[in-house]
Amino acid sequence: VLDLHFQTQASVGAVLEARLERTLRMHGAAWVLTGTGHHAQGHQKRGGVLLECVSSYLDDAVGTPPRFSVTPVVDVNGHQSGFLVEQLRSAAECGSESER
């Protein structure tokens with residue numbers, strides 16, 4: 001679990017850069033939690049700013065061919081609150097597994 005609550009737009013990219021790949025290598029998947037932003041007040045009136053930042057980062061990081069899949073996570077009230085990021089196995093890994 002990468003809990004990004006209380007991160008800022010400026011810091012979220014650095015946190016994902018430092019932790020996401022390692023988490024995927026170790027566990028094959030990562031829950032990336034941002035919160036929904038629907039409680040934000042004051043300067044964050046539009047809400048979900050962190051969710052947008054993480055979505056943009058993941059869109060850019062997926063790569064070609066895709067290295068991982070991204071599935072939105074929705075809370076019980078229907079608000080998107082993060083992402084499930086799952087590492088995709090390469091064709092080479094699939095082939096070597098069938099040879100065992």
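Q: In this predicted model, which residue of β2 is the bridge partner of Leu2?
A: Start with the two strands: β1 covers residues 2–3, so Leu2 sits in it. β1 and β2 run parallel and are joined by two bridges. Look across from Leu2 into β2, and the partner you land on is Val32.

Q: What hand does the β-α-β unit made by β1, helix α1 and β2 have?
A: The unit goes from β1 through helix α1, which spans residues 9–27, and on to β2. The strands on either side of that helix run parallel. Follow that path and the unit turns out to be right-handed.

Q: Which residues of strand β2 make up the covered face, and which the uncovered one?
A: Strand β2 takes in residues 29–33, and its residues split between two faces. Ala29, Trp31 and Leu33 belong to the uncovered face. On the covered face you'll find Ala30 and Val32.

Q: Which residue in β4 does Val32 stand opposite?
A: Besides β1, strand β2 is also joined to β4, which is residues 80–87. That link has five bridges, and the two strands run antiparallel. Over in β4, the residue opposite Val32 is Phe83.

Q: Is Ser81 buried or exposed?
A: Ser81 is in strand β4. It touches a whole list of residues further off in sequence, including Val32, Leu33, Leu51 and Val73. Its relative accessible area is 15%, and the cut-off for this class is under 20%, so Ser81 counts as buried.

Q: Which side chains meet in a salt bridge?
A: The count here comes to one salt bridge. Its N to O distance is 2.9 Å, and the cut-off is within 4 Å, so the pair qualifies. The two partners are Glu21 and Arg67.

Q: How many residues apart are Glu21 and Arg67?
A: This pair links distant parts of the chain. Glu21 is in helix α1, while Arg67 is in the loop between α2 and β3. Along the chain, they are 46 residues apart.

Q: What relative accessibility does Arg67 have?
A: Its salt-bridge partner Glu21 counts as partly exposed because its relative accessibility is 30%. Arg67 also counts as partly exposed. For Arg67 the value is 38%.

Q: How far apart in space are Glu17 and Ala61, C-alpha to C-alpha?
A: Glu17 is in helix α1, and it is exposed, with a relative accessible area of 57%. Glu17 and Ala61 are 44 residues apart in sequence. In space, their C-alpha to C-alpha distance is 9.5 Å.

Notes. Residues are numbered from 1 along each chain as its sequence is written. This is a predicted model: local features need pLDDT of at least 70, side-chain atom pairs count only at pLDDT 80 or more; totals for chains, interfaces and linings use all residues. Side-chain values use heavy atoms; hydrogens and water are left out. Buried means under 20% relative accessible area, exposed over 50%, partly exposed in between (1.4 Å probe, protein chains only). Helices (H or I, at least four residues) and strands (E, at least two) are DSSP runs, numbered from the N terminus. Two strands pair if DSSP finds at least two bridges between them. A crossover is right-handed if, with the strands pointing away from the viewer, the path from the first strand over the helix to the second runs clockwise. Contact means heavy atoms within 4.5 Å. Lists of a residue's contacts leave out its neighbours within four places in sequence.
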